[in-house]
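Visitor: I like to know what stands behind each label before I trust it. Could you show me the structure and then explain the terms as we go?

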Amino acid sequence: MWQRIYALIVKELLASARDPQTRWVVLFSPPFLLLIYAFAITQEVSDVTLAVYNQDHGNASVELISRFEGAEVFDQIIHLRAGADIAPTIDARRATLVMRVGEDFSRRLERGESAEVQLILDGRRSNTAQILLGYSSRIVETYNQERLDRLRATAPVRLVQRTWFNPNLEPLWSAVPALFAVLVAVVGFMVSALSIARERELGTFEQLLVSPLRPFEILIGKSVPALLIALTSASAMLVLGMLFLNVPIRGSLALLFFGMVVYLAAIIGIGLFISSLAKTQQQAIIGLFMYMVPAVLISGYATPVENMPDWLQGLAAATPITHFIVISKAVYLREAPLWLYFSHIWPMALIAAASLLAATWLFRRRTG
Amino acid sequence: MVALVTIEGLTKRFPKQAEPALRSVSTQIRSGHIVGLVGPDGSGKTTFLRLIAGLLRADEGGIDVGGFDPVANAKEVRARIAYMPQRFGLYEDLSVEENLNLYADLRGLVGSARKATFERLLDFTGLAPFTGRLAGALSGGMKQKLGLACALVVTPELLLLDEPSVGVDPISRRELWRMVSRLTDEGITVVWATAYLDEAEKCETVLVLSEGDLIFDGRPADLAARVEGRVFMIEGIEGDRRYVLNKARQHEAVMDGTIQASDVRLLLNENAHAPSLASIGAGDEARLQPVAPRFEDAFIDLIGGGFRAESPFAGGSERSHDIAIAVEARGLTRMFGSFTAASEISFDVRRGEVFGLIGPNGAGKSTTFKMLSGLLKPTSGEARIAGVDLRTAASEARARLGYMAQKFSLYGDLSTLQNLRFFARVYGLTGVRQRTMIARMIESFALTDKLDENSGQLPLGFKQRLSLACAVMHEPDVLFLDEPTSGVDPRTRREFWAHINAMVTNGVTVIVTTHFLDEAEYCDRAALIYRGQMIALGTPAELKAQAASSTLPNPTFEDAFIALVEENEAVNAP
């Protein structure tokens, strides 16, 4: 029995290594995707045009505006002459942000009252707008602070911000671990979902079925190579992440790899289940995407799971990607506590057991 | 007659292939003829047709279709020809009528002309009652008829048919042939490509291709005349006809030999004297009977003779004596939904017997075959291999059988050697035994030069050999062959059967499915499966005798097949 499984594993690995398409799709493209996606989702904003409509002519407003002018994000400043210019400026995307200073701004500050500055943002570019709002608030806050210092007064409460695990708020640091989890799943899915469907399509599957190989032997012989291939691809991604994206791994690599094996067992189980259902590779690909796209969307990759309705959170918990994103982020960014780690390992192990059993069952049924 | 197509020095090479697909072919196709384009798979038939249709560009030489070049004047040529590729582009999810509509739209056939054409074509093809049926639900023969109808929505001057009879049972094959003959009466010129040599016999002229060379161009009768007086049948053989064939094949006077039911057919070398029947072990009662040559005899003569070497499997070790019955089928029934694909099929196959399952496509022979080999679970009934029930001890039973699929089904991305190793391991061959058996297969099938080549890139003949090697390496007791030599050239087919016969002599049992009735002649006994029922069981000679009549005293296997099916139809008619 072990020899038969060994034969199948050797065959799968050889076939993948000898087929240039498989080689490309499975081993080289995911690390590349990691690099490309990582750069594409960078959240830094630069080269923004700021429009200023200043109705006030006092020193205070000039000082505030000069701080904005000095900020690195704002590449270009337009001065508006009339309130009527504001709408067309945003409409035509001449500026993403318009700052309007009222005519009594300096006067009110001198009187010791609080004054208002209006910021108008282009909501069509919501992500950029959000970030600009953050920048602008910080500029205003610093301005307030310094003003209070000059007056030798103290503000009642001061907010001091420090982001742990990603002290400089590097966007890549939080993006790469999640992306890594998704791309590992893609490789595992592709290799496993295509494997049986491909043999069925090419007619080699019957040749396997008439041999002494038993159904569960075929499934083991299909799972192990898929696992090895996906782990190889994942290692390449880890190395690339460190070398080119400068994303460090703070936690234990051993825990990461152990988690990945459990994770891939679940992924491959689902992949083989889909593959047992499909008659052709095309069907397998379609089936795979019907599962994979929603699974990634609810996994917490794009939006936090905690913000989802309860029933969706339940579904998310049944998706291995959800759990591995947590593990991946934890191991990447910190020395994760073991209770957190194992609280996400056991659901994946459960999914792996269930999906592999279901695949074996379906496989037996479909070949009778 | 006028030449419709003139071809001069036509050569076509494909990248990454050492040998050209066609090598300086020159010929003329005269109008109003059926021209048979004959040759085994890979001999260049499809390339030839595609060049005429302007779908490929020639490397050298020229083609003239009614005064036009197929590539430079594509529009003019396409208006004159209809091309039906091997897998005609029928949309399986559209009905017969919708398929016809689509091709009429593509060809710009509208209004009353369309209506009249459809009526004519549906009547002509006999598809009128099935216009609403999905193309995917048609039988192989009906699909080809629909394909033909779609190709004919605009009446062409030249009709190119690429192996229209592949996958079509003998009855539909005859109907298709009759339909095409009628087209030539209307003045349409037809090129009919085929790997079946018996079809070539019926054409007015034939072009015979072999490995890209045009080796014959003329009337079939002229070709057959080459071997006139050199073809004999040894009748009344006592003992094993396989032994007689094996002896005869290796005799210096003999160019080719085949088994025909209980007789052996010989083609002698020119001016050679037939070997004495005693020397080839045919027994005292045997007679040498001269017979009329067939196209295939002439084809073999043209390519320099059949397979004449001794099979390396001859004289091998005797297979287990402990079983008398190698395969048992007991009331095998398989339902797909409410459809009965096979019903109550029972027979025994003795050890060392070649047993054939024959029948039209979709009649249930593949279903039966799959139940016997364990690929399909019977709804009821049971199958035993060497006494082992396939349901209870499937893995053990499967270890005793070898299986060769119709389609090449080894791993194309793996090399020859890697395939051999994989199957050796899967069948539990280890250590020294594994190495010896692999070495023996490489030697027996002359694979030494091809060991590192990807098996998917091998020439057809080698693929065939490698498939057989992988199926027999573990010395199975029972060998399952699914349409083993369809499309294979006659010489490779003879080589194949020489190996099989040698193994059978050692006690291997062979189950073979085929609708290629020449192959059925090699069987000791055959079961005829039709509409899920076994309608006849017997030796080929018995089956032929059942079909013999006053009008047809010496039926071929194909005649017998058709007669038995028609008889069954008549009995079961409501």
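Guide: Gladly, and let us start with the words for elements: helices (H or I, at least four residues) and strands (E, at least two) are DSSP runs, numbered from the N terminus. By that naming, R531(B) is found in the loop between β22 and β23 of chain B. Two notes on the model: residues are numbered from 1 along each chain as its sequence is written, while chains are lettered from A and ligands numbered from 1 in the order in which they are written. The model is predicted, and local features need pLDDT of at least 70, side-chain atom pairs count only at pLDDT 80 or more, and totals for chains, interfaces and linings use all residues.

Visitor: Why is R531(B) called partly exposed?

Guide: A residue is buried if 20 or more other C-beta atoms lie within 10 Å of its own, exposed if 12 or fewer, and partly exposed in between, with C-beta atoms placed from the backbone. R531(B) has 18 C-beta neighbours inside 10 Å, so it counts as partly exposed.

Visitor: What makes the phi of R531(B) worth a remark?

Guide: Most residues other than glycine have a negative phi. R531(B) is not a glycine, yet its phi is positive, at about 50°. E483(B) also has a positive phi, near 45°, and is a residue other than glycine. E483(B) sits in the loop between β20 (478-482) and α16 (490-505) of chain B.

Visitor: How do you know whether E483(B) is buried or exposed?

Guide: Count the neighbours: 21 other C-beta atoms lie within 10 Å of E483(B), so this residue is buried.

Visitor: What makes the length of helix α19 of chain B agree with expectation?

Guide: The expected span of a helix is 1.5 Å times one less than its number of residues. Helix α19 (residues 557-572) has 16 residues and reaches 23 Å from its first C-alpha to its last, close to the 22 Å expected.

Visitor: Which residues of α19(B) are buried, and how do you know on which side they lie?

Guide: The buried ones are F557(B), A560(B), F561(B), L564(B) and V565(B). They cover an arc of only 125° around the axis, so they are on the same side of α19(B); the arc is that of the directions from the helix axis to the C-beta atoms. In general, an α-helix has 3.6 residues a turn, so residues three or four places apart point the same way. The face turned away from the buried side of α19(B) carries the exposed residues E566(B) and A570(B). The buried residues of α19(B) pack against several elements of chain B, including α6 (170-185), β16 (354-358) and α18 (540-547).

Visitor: How do you know that helix α10 of chain A has the span it should?

Guide: Its 25 residues (253-277) should span 36 Å at 1.5 Å a residue, and the end C-alpha atoms of α10(A) are 36 Å apart, so the two agree. Of these 25 residues, 18 are buried, so α10(A) is mostly covered. UniProt, in an unreviewed entry, lists 253-277 among the residues of chain A under "transmembrane region"; UniProt positions are given in the numbering used here, feature names are shortened, and annotations may be inferred rather than shown by experiment. Residues 21-40 of chain A are in that list too, and this span is 100% helix and 0% strand, with its end C-alpha atoms 25 Å apart.

Visitor: Why is A336(A) called buried?

Guide: A336(A) has 23 other C-beta atoms within 10 Å, so it is buried. Its place is in the loop between α13 (320-333) and α14 (338-366) of chain A. G251(A) is 85 residues from A336(A) in sequence, but the two are 6.4 Å apart in space, C-alpha to C-alpha.

Visitor: What makes two residues count as in contact, and how many are in contact between chain A and chain B?

Guide: Their C-beta atoms, placed from the backbone, must lie within 7 Å. By that rule 21 residues of chain A are in contact with 23 residues of chain B. On the chain A side, α1(A) gives the largest share, eight residues.

Visitor: Why is E206(A) called buried, and which residues does E206(A) touch?

Guide: E206(A) has 20 C-beta neighbours inside 10 Å, so it counts as buried. E206(A) lies in helix α8 of chain A and touches L375(B), A405(B) and S409(B), not counting residues up to four places away in sequence.
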